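Please take a moment to look over the sequence and the structure together before reading on. The paragraphs below lead through them step by step.

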There are 4 protein chains.
Amino acid sequence: MPRRGPNNGGDKRDRILRAAVKIFSRNGFFNSKVSEIARASGVADGTIYLYFKNKDDLLISLFEEKMGEVVADVRRRLAAGGSAIDKLRIFIENHMDLLERESGLVEVIMVELRQSTKFLKDYTPVKFFEYLEVISDILEEGKREGAIRPDLNVSVARRAIFGALDELCLTYVLSGKRKYHPSVTAAEVCRLLLEGLCVPGADVGKG
Amino acid sequence: MPRRGPNNGGDKRDRILRAAVKIFSRNGFFNSKVSEIARASGVADGTIYLYFKNKDDLLISLFEEKMGEVVADVRRRLAAGGSAIDKLRIFIENHMDLLERESGLVEVIMVELRQSTKFLKDYTPVKFFEYLEVISDILEEGKREGAIRPDLNVSVARRAIFGALDELCLTYVLSGKRKYHPSVTAAEVCRLLLEGLCVPGADVGKG
Amino acid sequence: MPRRGPNNGGDKRDRILRAAVKIFSRNGFFNSKVSEIARASGVADGTIYLYFKNKDDLLISLFEEKMGEVVADVRRRLAAGGSAIDKLRIFIENHMDLLERESGLVEVIMVELRQSTKFLKDYTPVKFFEYLEVISDILEEGKREGAIRPDLNVSVARRAIFGALDELCLTYVLSGKRKYHPSVTAAEVCRLLLEGLCVPGADVGKG
Amino acid sequence: MPRRGPNNGGDKRDRILRAAVKIFSRNGFFNSKVSEIARASGVADGTIYLYFKNKDDLLISLFEEKMGEVVADVRRRLAAGGSAIDKLRIFIENHMDLLERESGLVEVIMVELRQSTKFLKDYTPVKFFEYLEVISDILEEGKREGAIRPDLNVSVARRAIFGALDELCLTYVLSGKRKYHPSVTAAEVCRLLLEGLCVPGADVGKG
DNA sequence: TATGAATGAGACTTCATTCAT
DNA sequence: GATGAATGAAGTCTCATTCAT
């Protein structure tokens with residue numbers, strides 16, 4: 001039976017990752033000190049370097065491993081079946097809901113992933129691409145089912161969908177979690193994405 | 001009377017701001033050194049502190065002043081008139097086009113504004129809110145014209161629209177400006193936002 | 001009864017010492033990590049501290065024990081007999097030859113012994129003094145035989161002889177073992193030491 | 001008129017170099033802390049990095065610049081003229097004498113130059129080679145004058161001479177400057193090098 | 001004996017900011 | 001106003017050593 005004590009809540013590497021999520025989300029990557037993460041993990045500074053090459057590697061590992069869990073989780077939820085439209089709803093609700101369940105993680109990914117993707121040499125956000133892939137898969141399925149416009153550019157659409165969700169999460173976080181509750185927002189954004197801004201049958205010009 | 005010489009075509013303060021855009025967009029805020037910006041502006045390190053309180057203030061001033069120009073510019077373009085739908089198209093095209101005209105500036109805003117909004121004490125991104133306001137104004141106008149759904153939540157929609165555009169710009173930049181050319185993307189995202197993902201008349205569930 | 005297995009042909013302590021010679025000669029004492037030596041010895045880091053007090057002690061033990069073998073070895077060779085001049089030749093040839101046979105060891109002694117003798121508290125290089133003693137013994141014997149100048153200051157001469165040999169070894173090592181092959185050098189330096197720089201009978205002044 | 005105060009004894013860069021000589025000679029390169037040198041120079045830690053790329057560069061600059069002065073100085077002394085034998089005497093006396101005049105510098109060069117030559121990438125001890133060149137020049141001149149054996153291998157001899165002097169200096173330093181005073185040693189080693197160990201006319205074997 | 005994960009003190013170095021000129 | 005040399009606080013990372021197993 002695993003012991004339960006302050007320093008035995010789990011594997012040391014994982015304790016460090018979880019502390020990093022907390023500290024990075026609170027202060028941002030550049031304003032976070034490795035020693036802070038060490039303190040929050042209950043390990044010595046040097047211990048962090050037994051598990052991670054350096055501070056950058058800690059952030060990247062965090063992205064890939066935690067994002068990997070997110071991807072696996074949403075895929076599991078989607079596997080239950082239903083129409084593509086249902087799945088898109090589930091995906092969106094799951095994304096917005098993540099902010100309640102894994103608040104710190106989402107904040108780190110939202111705020112730091114851009115920096116890292118742009119400025120860290122040799123880092124490809126593999127698991128993030130997989131997350132986008134989940135959206136593509138749904139959209140393609142929707143096309144096959146005849147629910148989604150066959151001429152939709154999936155590459156552009158999946159980015160637009162992710163961007164919309166991401167910005168809404170960010171708004172929620174930056175408002176101090178006071179405005180636009182995720183569940184409300186999810187319904188609203190679903191309708192926007194599925195039906196668009198216009199009243200049905202409106203003339204949108206150019207065609 | 002302002003002198004006119006080789007290095008005086010612009011005000012020294014503005015030279016610093018323009019250099020900061022260049023350096024911040026290339027390296028990111030935290031990896032940029034004040035002395036680098038000084039060198040790129042052709043002024044001494046200390047001179048920067050005559051015009052800006054500190055490095056943070058330089059970034060914030062950059063946001064507010066440059067973003068102010070962007071807002072004024074897009075408002076001017078929209079003033080020409082047309083339907084709300086036309087205006088939304090113009091807004092979107094203008095946003096995507098910015099990436100060609102003001103590449104560095106857009107990159108800084110995309111990548112650094114989040115950090116700053118989240119972590120800089122006492123900074124409210126006033127001009128950024130005005131930019132969102134431009135979207136709201138268009139949407140409200142569309143409602144009045146009867147082109148946009150009257151039950152649309154404008155607060156959510158404007159964020160979603162901005163998020164979608166922002167993510168598409170980011171994709172373009174991170175791809176090394178090779179994928180999804182802004183003008184192509186603009187048309188695609190316009191249609192997505194106006195008409196939605198679904199085929200017209202499709203049953204999107206929930207009533 | 002000592003076990004005989006692949007990794008037990010030598011005593012563990014000796015494996016560590018031999019690995020230390022290799023690592024120290026390659027990287028220098030300060031740039032060598034204890035864990036590197038552990039890996040090269042095939043033991044755990046902590047095991048080194050069962051046999052040596054600390055990193056310094058490892059270096060000192062290495063000096064004394066390995067140097068002890070060198071001294072015993074050269075004494076054995078000299079015991080065969082011959083004139084003092086013959087013995088000096090043997091000594092010099094043996095010294096230069098060591099560089100081929102025990103390259104790493106000689107490099108460590110040349111490069112690290114000075115540091116250690118100067119900066120390590122409480123370290124007297126006993127075996128190194130014995131090596132110098134071997135030279136003294138030869139020189140004294142030469143005096144008794146009448147081959148070496150009776151007024152020679154043996155203390156100075158033995159240091160000068162060692163210094164000359166040492167510098168020539170160093171040159172060989174630092175040249176990447178391309179210049180001044182030890183055997184060639186040995187002959188040359190023998191003649192220099194025995195006969196001096198001058199042509200026989202030359203007036204060297206002051207006398 | 002230059003002010004004379006604790007912090008105005010000269011150019012800042014030179015103050016740092018002189019402090020480095022003192023600290024390196026006392027503790028050795030690896031045991032010396034940059035902050036110690038800063039304190040001894042009367043500058044802030046960071047100031048050192050305005051003048052030197054890093055700690056290694058400080059040591060290398062020290063070698064080359066100070067050694068350059070030593071070479072220039074001995075060349076000036078030798079320019080007065082005299083026979084090659086006289087010049088060799090002057091060179092040797094000057095070398096041994098350096099230990100009194102520039103004790104710290106000589107100690108650093110003796111103890112640290114080897115390490116650096118062996119382990120620092122991309123460092124060629126240019127000025128040290130020039131010092132050896134001074135010896136070669138004297139020996140070649142001696143050959144032309146007919147005072148020095150024409151078959152002497154100058155490359156080997158100059159190293160042997162340097163090595164002998166170096167070791168004698170080292171002995172003096174390590175003895176706590178109690179044994180073998182430089183001036184005594186100089187005379188003794190001169191005679192050894194010029195006339196050799198043997199009694200004149202002795203049979204040294206091999207021909 | 002042997003292990004090797006963990007420790008934590010301490011080094012080097014950077015860089016935003018100041019201030020005498 | 002303008003300069004840029006100087007500052008020094010602070011952060012990342014290393015590595016000799018320990019000790020529970």
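Two residue pairs are found in polar contact across the interface of domain 1 of chain A and domain 2 of chain A, with both residues of each pair at pLDDT 80 or more, a score that matters here in that the model is a predicted one. The side of domain 1 of chain A that touches domain 2 of chain A is made up of seven nonpolar, two polar and three charged residues. Two salt bridges are also found across this interface, and in the salt bridge that A:Arg13 forms with A:Glu65 the closest N and O atoms are 2.1 Å apart.

To place these contacts within the chain, it helps to step back to its division into parts. Domain 1 of chain A covers residues 8-52, and domain 2 of chain A covers residues 59-195. Taken over C-alpha atoms, the centres of domain 1 of chain A and domain 2 of chain A are separated by 26 Å. Twelve residues from domain 1 of chain A and eleven residues from domain 2 of chain A take part in the contact. How much area is buried between domain 1 of chain A and domain 2 of chain A? The buried area is about 930 Å², and carbon and sulfur atoms give 70% of that area.

From the domains we can turn to the DNA, beginning with strand E. DNA strand E is surrounded by 28 residues, and the closest of them are A:Thr47, A:Tyr51, C:Thr47, C:Tyr51 and D:Lys33. Which parts of DNA strand E lie within 4 Å of the protein? Of the atoms of DNA strand E in that range, 74% belong to sugar or phosphate, while the rest belong to bases. Several lysines illustrate the phosphate side of this picture: a polar side-chain atom of A:Lys12 lies 3.1 Å from a phosphate oxygen of DNA strand E, and a polar side-chain atom of C:Lys12 lies 3.2 Å from a phosphate oxygen of that strand. In the side chain of D:Lys33, an N or O atom is 3.2 Å from a phosphate oxygen of DNA strand E. The elements that give two or more residues to the surface near DNA strand E are α3 (45-51) of chain A, α3 (45-51) of chain C and α3 (45-51) of chain D, and the largest share, five residues, comes from α3(C). Sorted by character, the residues of this surface near DNA strand E are twelve nonpolar, nine polar and seven charged.

DNA strand F can be read in a similar order. Around DNA strand F there are 28 residues, of which B:Thr47, B:Tyr51, C:Val34, D:Thr47 and D:Tyr51 come nearest. Of the atoms of DNA strand F within 4 Å of the protein, 73% belong to sugar or phosphate, and the rest belong to bases. An N or O atom in the side chain of A:Lys55 is 3.0 Å from a phosphate oxygen of DNA strand F, and a polar side-chain atom of D:Lys12 lies 3.2 Å from a phosphate oxygen of DNA strand F. For B:Ala44, a backbone N or O atom lies 3.1 Å from a phosphate oxygen of DNA strand F. The elements that give two or more residues to the surface near DNA strand F are α3 of chain A, α3 (45-51) of chain B and α3 of chain D, with the largest share, five residues, coming from α3(B).

Technical notes
Residues numbered from 1 in each chain as written. Chains lettered and ligands numbered in written order. Heavy atoms only, no water. Near = heavy atom within 4 Å. Polar contact = N/O pair within 3.5 Å; in protein donor to acceptor, adjacent residues only side chain to side chain. Helix = DSSP H or I, 4+ residues; strand = E, 2+ residues; numbered from the N terminus. Nonpolar A, V, L, I, M, F, W, Y, C, P; charged D, E, K, R; others polar. Domains from an automatic or database assignment. Contact = heavy atoms within 4.5 Å. Buried area = accessible area lost by both parts, 1.4 Å probe. Salt bridge = Lys/Arg side-chain N within 4 Å of Asp/Glu carboxyl O.
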